[in-house]
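This briefing covers charged side chains: where they sit and how they pair. The structure comes first, then the notes.

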Amino acid sequence: MTTNGQSARLQTVTEELRSQIANGGWPAGRQVPPERALAEQFGLARNTLRRVLKLLEEEGLLERHVGRGTFVRSPNEGRSNGTNGHNGHNGHGAGLANGSMSGDLTTKLRGASPADLMEVRIIIEPQMAALAASRATAEDIAQIELALKHSIAAKGLAEFEHWDAQLHLTIFRAAKNAILLAWCEAINVVRNEPDWYRLKKRSVTPEVRNSYDRDHTEIVAALKERDPEAARKVLFKHLSRVRDSLLALG
């Protein structure tokens, strides 16, 4: 029997993988990573992960080849309408977030150094948080709070990384800017790359994880208070901390 929590988790991971495909993180023809690696990355049981992959196969996003594995289908081979709604949250240029712009950006970001990527995040994301503080709806705030709750409750790094990425994504959505959203989705694709995951695994100690939880809580509090300047400052502080943790390993 599937609990409500399991259902929500399955839906969230399915959405994340749809986004990977839509943004070019998993380009057409690419073989899907092994089940064991994906299960560890998303904190899922193998049988639950198989359900996710089966759903995406039924939607025409993936195809299985006996003896070879599972591969991403070409867009021209047919995708169901169900893949079109996952980024249409605000009606402002959703096509930009799902189109070639995001895919091209993802390709460029994959080759960026951690120092370069964090530098650009620190430039862009604090201002995005200020926009979100001004533009977030009550529904946006509820989604942000839910992502925060899940990220704090996450048991392992893979689960924490997933909900950390979702928290930042929900804040970007609240900013109501399709180009900024495409940027965040591209960043999330890069965060799922094995090299980045290994770097985070080395840098996120229990103490660092606790500091991230505190930062996230402060960010959400500033958003709820509709305080753009506070949101900008605390997100700048948070990303500076992330940068310092990552680059200390260099």
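Arginine 121 is buried in this predicted model, because its relative accessible area of 7% falls under the 20% cut-off. This arginine is part of helix α6, which spans residues 114-135. Beyond charged residues of this kind, the whole structure holds 16 salt bridges, three of which are described below.

**Surroundings of arginine 121**
- Leaving aside residues up to four places away in sequence, Arg121 touches Pro126, His168, Trp183, Ile187, Arg191 and Leu239.

**Glutamate 59 and arginine 18**
- A salt bridge joins these two side chains, with an N to O distance of 2.6 Å.
- The pair links distant parts of the chain, 41 residues apart: glutamate 59 is in the loop between α3 (46-58) and β1 (62-65), and arginine 18 is in helix α1 (residues 4-22).
- Glutamate 59 is buried at 14% relative accessibility, and arginine 18 is buried at 14%.

**Arginine 209 and aspartate 213**
- The side chains of arginine 209 and aspartate 213 form a salt bridge at 3.5 Å, N to O.
- Both residues belong to helix α11 (residues 206-224) and are 4 residues apart, about one turn of the helix.
- Arginine 209 is buried at 14%, as is aspartate 213 at 11%.

**Aspartate 215 and lysine 237**
- Aspartate 215 and lysine 237 meet in a salt bridge of 3.9 Å, N to O.
- Aspartate 215 lies in helix α11 and lysine 237 in helix α12 (residues 228-247), so the pair ties together parts 22 residues apart in sequence.
- Aspartate 215 is buried at 1% relative accessibility, whereas lysine 237 is partly exposed at 33%.
- Through shared partners, salt bridges join Asp215, Glu218, Lys237 and Arg241 into one network.

Note on methods
Residues numbered from 1 in each chain as written. Predicted model: local features only at pLDDT ≥ 70, side-chain atom pairs only at ≥ 80, totals over all residues. Heavy atoms only, no water. Helix = DSSP H or I, 4+ residues; strand = E, 2+ residues; numbered from the N terminus. Buried < 20%, exposed > 50% of the residue type's maximum accessible area, 1.4 Å probe, protein only. Contact = heavy atoms within 4.5 Å. Salt bridge = Lys/Arg side-chain N within 4 Å of Asp/Glu carboxyl O.
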